[in-house]
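Welcome to a short tour of this protein chain. Please have a look at the sequence and the structure below, and then read on.

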Amino acid sequence: MGTCEVLDFLAACRQESVRGRPGPNVLDLNGNRTDRLAPASINLRLAAVTGLYEYRAMSDPSCSSPIPKGRPSSWFAQGERSGLLGHTKRRPAPRSRLWVRTPRRLPRGLDAGEVTRLLGGLRTRRDLAMAGLMLYCGLRSCEVLALQVADVDIGGRWLTVHGKGGKDRRVPLDRDVAAVLNAYLLTERPDSDASALFLVAKGPTTGRPLTPAGLRTIFRYHRATSGVPAGAPHALRHTFGTALAEAGVDLAVMQALLGHAHVDTTARYIHFAPTHVKAEYDAARSRQRQNR
């Protein structure tokens with residue numbers, strides 16, 4: 001297979017229709033058909049194909065990859081320096097030029113009414129604690145599930161969070177969330193030898209660590225019953241980041257709390273604080289007028 005066949009594969013992906021979506025006469029606000037694959041989905045397929053060809057080139061140096069290469073990245077990707085072959089990396093590797101441009105979407109948080117309705121529908125202290133950790137401590141859903149009982153210091157109000165890429169960080173524990181966690185540990189958490197903080201509460205798997213699928217099921221149910229369709233777990237984390245930006249928290253502090261590898265990711269939340277930006281702008285203009 002050569003580059004032409006790879007480009008044909010890309011063209012086929014761009015023309016593929018997604019079953020179950022509205023037909024070809026339905027367009028989004030940008031004029032794109034809604035029954036097509038999203039750019040991110042196409043890029044995932046291209047990344048898989050690229051990885052297969054790179055593996056073949058590593059196994060047999062005589063076989064070159066038909067994927068066109070672009071300029072080297074300006075920074076190392078996550079895991080390139082810490083992986084099994086990290087010691088061989090001297091400079092960032094060239095990235096594939098075969099990708100579809102994706103729209104830049106800002107993270108969407110929940111407003112106060114949505115937060116109130118969603119939290120009001122949670123009936124167990126376990127579910128309230130998990131939502132509180134994402135909403136008031138900024139944890140990812142995978143970080144919530146990775147928490148061990150020993151990672152929680154309720155008295156000192158600190159959390160040891162096991163983040164992406166094997167990176168741990170210390171995060172302050174909100175006082176109200178600490179109270180809910182304490183009540184959960186004392187009254188609701190099943191007796192189990194498992195060290196995970198959040199366990200299955202009932203059913204044949206009672207006492208086992210809660211799985212990602214189980215967490216998604218919980219929030220899918222509560223989104224439907226509370227009438228907050230946007231109340232996905234990651235939206236709670238976005239709400240936390242938005243609140244920090246609107247409060248004027250320093251960007252470096254936000255990066256440390258959210259566990260972002262690059263400050264560019266954290267900077268997206270600045271666009272979510274128009275009130276804070278306007279206040280800073282008005283204050284600067286006032287100082288300019290006074291100095292005239």
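Strands β3 and β4 run antiparallel and are joined by two bridges, with β4 covering residues 158-162. One residue pair to look for is V152 and its bridge partner in β4, L159. Please keep in mind that this is a predicted model.

These two strands belong to an open sheet of three strands, in the order β3-β4-β5 with antiparallel pairing. The edges of the sheet are taken by β3 (152-153) and β5 (168-172), and each has a single partner strand, so one side of each is left without a neighbour in the sheet.

Let us stay with β4 for a moment, since V161 is found in this strand. Is V161 buried or exposed? With a relative accessible area of 0%, V161 is buried, because buried means under 20%. Which residues does V161 touch, not counting residues up to four places away in sequence? They are L139, E143, K167, D168, R169 and V171. You can also find L147 from here: V161 and L147 are 14 residues apart in sequence, while their C-alpha atoms are 6.7 Å apart in space.

Between β3 and β4 there is a loop, and R157 is found in it. R157 has a positive phi of about 55 degrees, although it is not a glycine. Its relative accessible area is 31%, and R157 is therefore partly exposed, as this value falls between 20% and 50%.

Another arginine to visit is R189, in the loop between α6 (175-188) and α7 (212-226). R189 is buried yet has no salt bridge. How far away is the nearest side chain of opposite charge? That side chain belongs to D191, and it is 6.8 Å away from R189. A salt bridge needs a side-chain nitrogen of Lys or Arg within 4 Å of a carboxyl oxygen of Asp or Glu, so the distance of 6.8 Å to D191 does not qualify. The side chain of R189 does have backbone oxygens to meet, with a polar atom 2.9 Å from the one of A194 and a polar atom 3.2 Å from the one of L197. Leaving aside neighbours within four places in sequence, the contacts of R189 include V149, Y184, S195, A196 and L199.

Our next stop is T239, which is found in helix α8 (residues 233-246). T239 is buried, with a relative accessible area of 12%, because this value is under 20%. What does the side chain of T239 reach at 2.8 Å? It is the backbone nitrogen of L110. L110 is also among the residues in contact with T239, together with G109, V115 and L135, when neighbours within four places in sequence are left aside.

Here is a small table of the polar distances mentioned above.

| Side chain | Backbone atom | Distance |
|---|---|---|
| R189 | oxygen of A194 | 2.9 Å |
| R189 | oxygen of L197 | 3.2 Å |
| T239 | nitrogen of L110 | 2.8 Å |

Finally, step back to view the whole chain. The chain has eleven helices and five strands. Of its 292 residues, 32% are buried. Among contacts between residues at least 6 apart in sequence, 53% join residues at least 24 apart. The accessible surface of the chain comes to about 18100 Å², and carbon and sulfur atoms account for 55% of that surface.

Technical notes: Residues numbered from 1 in each chain as written. Predicted model: local features only at pLDDT ≥ 70, side-chain atom pairs only at ≥ 80, totals over all residues. Heavy atoms only, no water. Helix = DSSP H or I, 4+ residues; strand = E, 2+ residues; numbered from the N terminus. Buried < 20%, exposed > 50% of the residue type's maximum accessible area, 1.4 Å probe, protein only. Polar contact = N/O pair within 3.5 Å; in protein donor to acceptor, adjacent residues only side chain to side chain. Contact = heavy atoms within 4.5 Å. Lys, Arg positive; Asp, Glu negative; His and termini not counted. Areas by Shrake-Rupley, 256 points an atom, 1.4 Å probe, with all protein chains shown as cover. Pairing = 2+ DSSP bridges.
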